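Reader: Could you please take me through a protein structure step by step? I am in my first year and would like to ask questions as we go.

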Amino acid sequence: MAAKIFVLGSVNGKFESAFQKLTALHQKQNFAFAIVTGDLFTFDQDEGSLSRLLNGDIQIPISTYFTTGTIPLPDQVVKRVEKGEDVCENLHFLGKRSITKTSDGVRIVVLGGALDKSIVGGQSNEQHLPLHTADDAKILRGANTADILLTTCWPSGIWANSSKPPTLEQQTSIASSDEIAELCTTLKPRYHFAASSGDFFYEREPFFHPPSNPESDQIPITRFISLAPYGNEVKAKAMYAFNLVPGEAPSSTIPPGSTSSPFLPKPNPRKRPAPSGDATGHRGGGRHVRRRKERSPPPGPDRCFFCLSNTQIDTHMICCIGDDSYVTTSKGPLPDSDTFASSGLSFPGHQIIIPLPHEPTIRAMGQDADKTYKEMARFKESMQAMIATESKFKLGAVTFEISRQHGIHVHWQFIPVPTDLIRKGLVEAGFKVEAENRQFPAFEEVTIESGIDETSDYFRVWIWADDSDTGIQSKELVMRFDSKIRFDLQFGRRVIAKLLGLESRINWRDVTQPIAEETEDVEKFKEAFKPWDFTA
């Protein structure tokens, strides 16, 4: 069913008259929801109108979404959004970097604020400041698709191939970035709205992207629109309404007047071919140069297999993305699709919970540590409930974490385990015996939550079961160790493999699956996880 959506240009503090206009139009048009592009507030915000907004004295008839623009949010608004509250009834802050699915099923990807070029690597930590980093944009590529892309900045070169580009004067006022262009190219949104840098409206001709699958006849189409600020003096268009069917597959026909994507790479006729040579780098006719082998530094986010900013990441294995973490199915899972078939589970169930920040420990995430841990724990608890329900309480779960200050990207591995093994204490014993055999430090039963107070490296395991009769059994075991310990990175997998009789599958590289099987496991997981998926 089509959703009728209303979009408003930067309001710049004029929200009383803007929402009055929305109320009048909604009575006639019955919109599903509204979006404000650019700034909702202004620097010299009238305190009286802001108080009326926060107190609920200004009527907002439908769910209305906004993000950061080019100025900071008022302090009173920041206090509310930092508590996770709405600004007022029906007024929802999307954050600066987010993926949202509305109650109508419309998928909105948001990147607010201007590009902060002073930050070379990493994500911006403050959701309400009007700046984002290049990594913020890269992370959002992991969303894969979007019905609506909402950004403050324009994508660089958006008017290439267009028969109606902005005027030269308008072009000089536009804030744009290559990062936004790359994000649009990856997501192929059906609509891309960006804030206007001046009192003008711009709507580009629709443009089409190359099909994701060469054998498909579906052609993704994007419509780029920038609305003028609401109440602008030249009366440029500041409001826009359209119908959209959520999740609708791309059409096989191209709308009249469309162009190819303005972001397609253009061949460089001046680029020289690479010099010929053999695999050792030795060129004919020259002297053989012996190179010293140097130890490579740890991979950054663009090369980390757990970072969504890595363009080589296996996106087909991503199951769901939250605000601070995401879940994938494991490559080379320890169980296979038949391991737990007799318990009612038709997929391996070996999942990985990965925080979005590229840090070796949760503690290293600083002020984001607590909320990241809480969302990861929520994923863990949701999957535990799913496994128990799907297996009619025959399966529990083990989740483990290796936290090392010199690690690369911390993550948790989640693996189903028969409830009987947990109830009989065999899982706990398995970890303790393996640690003793390897002369590792002893486990302690302790709760450390985000580990923010932990100063040493550690291995942590959660053992959980619910047999529906005697209730839930849950235990957290922690092994602390220092740099003198040569810790086995396969320790957790090795213990569970022995408990399940799957020693032949200890090395994940030996049991990798074809992409088709991985994709099938992801789809089966998503279907089973639907009742517990809080990101949907």
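The conversation below goes through a sheet, a helix, the cysteines, the empty spaces and some backbone angles.

Author: Please keep in mind that this is a predicted model.

Reader: Understood. In what order do the strands of the open sheet of eight strands run?

Author: The order is β18-β19-β20-β22-β21-β24-β25-β23, and the pairing is antiparallel.

Reader: And which are the edge strands?

Author: They are β18, residues 318-321, and β23, residues 444-445. Each of these pairs on one side only.

Reader: How many bridges join β18 and β19?

Author: Three bridges join β18 to β19, which covers residues 325-329, and the two strands are antiparallel. As an example, I321 has Y326 of β19 as its bridge partner.

Reader: Let me turn to helix α10. Is it mostly covered or mostly open?

Author: Helix α10, residues 491-500, is mostly covered, as seven of its 10 residues are buried. The buried ones are F491, G492, R493, V495, I496, A497 and L500.

Reader: What covers those buried residues?

Author: The covering elements include the strands β21, β22 (412-418), β24 (457-466) and β25 (472-481). Helices α8 (419-423) and α9 (426-437) are also among them.

Reader: What follows α10?

Author: G501 follows α10, and its phi is positive, near 70 degrees.

Reader: Now the cysteines, please. How many disulfides are there?

Author: The count is zero disulfides.

Reader: Why does C307 not form a bond with C304?

Author: The sulfur of C304 is the closest cysteine sulfur to that of C307, but the two are 3.9 Å apart, so they are too far for a bond. A disulfide requires the sulfur atoms to be within 2.5 Å. C307 is buried, with a relative accessible area of 2%.

Reader: What about C153, and is it buried or exposed?

Author: C153 has a relative accessibility of 4%, and because buried means under 20%, C153 counts as buried. Its closest cysteine sulfur is in C184, at 14 Å, which is too far for a bond.

Reader: On to empty spaces. How many cavities of 30 Å³ or more are there?

Author: There is one cavity of 30 Å³ or more. The largest cavity holds about 40 Å³ of space.

Reader: Which residues line the largest cavity?

Author: The lining consists of G38, D39, L40, F41, F66, T67, T68, G69, I71, P72 and L73. By class, six are nonpolar, four are polar and one is charged.

Reader: What volume does the second largest pocket have?

Author: Its volume is about 1200 Å³. The second largest pocket is lined by 37 residues, and F305, F306, I352, H411 and W508 lie nearest its centre. The lining has 18 nonpolar, 12 polar and seven charged residues.

Reader: Which strand gives the most to that lining?

Author: β21 gives the most, with four residues. The strands β19, β20 (351-355) and β21 (395-403) each supply at least two residues of the lining.

Reader: One last topic: which residues have a positive phi although they are not glycine?

Author: N12 is one of them, with a phi of about 50 degrees. N12 lies in the loop between β1 (3-8) and α1 (15-29). Another is N90, with a phi of about 75 degrees. N90 lies in the loop between α3 (75-82) and β4 (91-93).

Reader: How does N12 count in terms of accessibility?

Author: N12 counts as partly exposed because its relative accessibility is 31%, and partly exposed means between 20% and 50%.

Notes: Residues are numbered from 1 along each chain as its sequence is written. This is a predicted model: local features need pLDDT of at least 70, side-chain atom pairs count only at pLDDT 80 or more; totals for chains, interfaces and linings use all residues. Side-chain values use heavy atoms; hydrogens and water are left out. Two strands pair if DSSP finds at least two bridges between them. Buried means under 20% relative accessible area, exposed over 50%, partly exposed in between (1.4 Å probe, protein chains only). On a 1 Å grid over the protein atoms alone, a cavity is a set of points where a 1.4 Å probe fits but cannot get out, and a pocket is an open set with protein on both sides within 12 Å along at least five of seven lines; lining residues have an atom within 4 Å of a point. Grid points are joined across faces, edges and corners, and a volume is the space filled by probe spheres set on the points. Ala, Val, Leu, Ile, Met, Phe, Trp, Tyr, Cys and Pro count as nonpolar, Asp, Glu, Lys and Arg as charged, and the others, Gly among them, as polar. Contact means heavy atoms within 4.5 Å.
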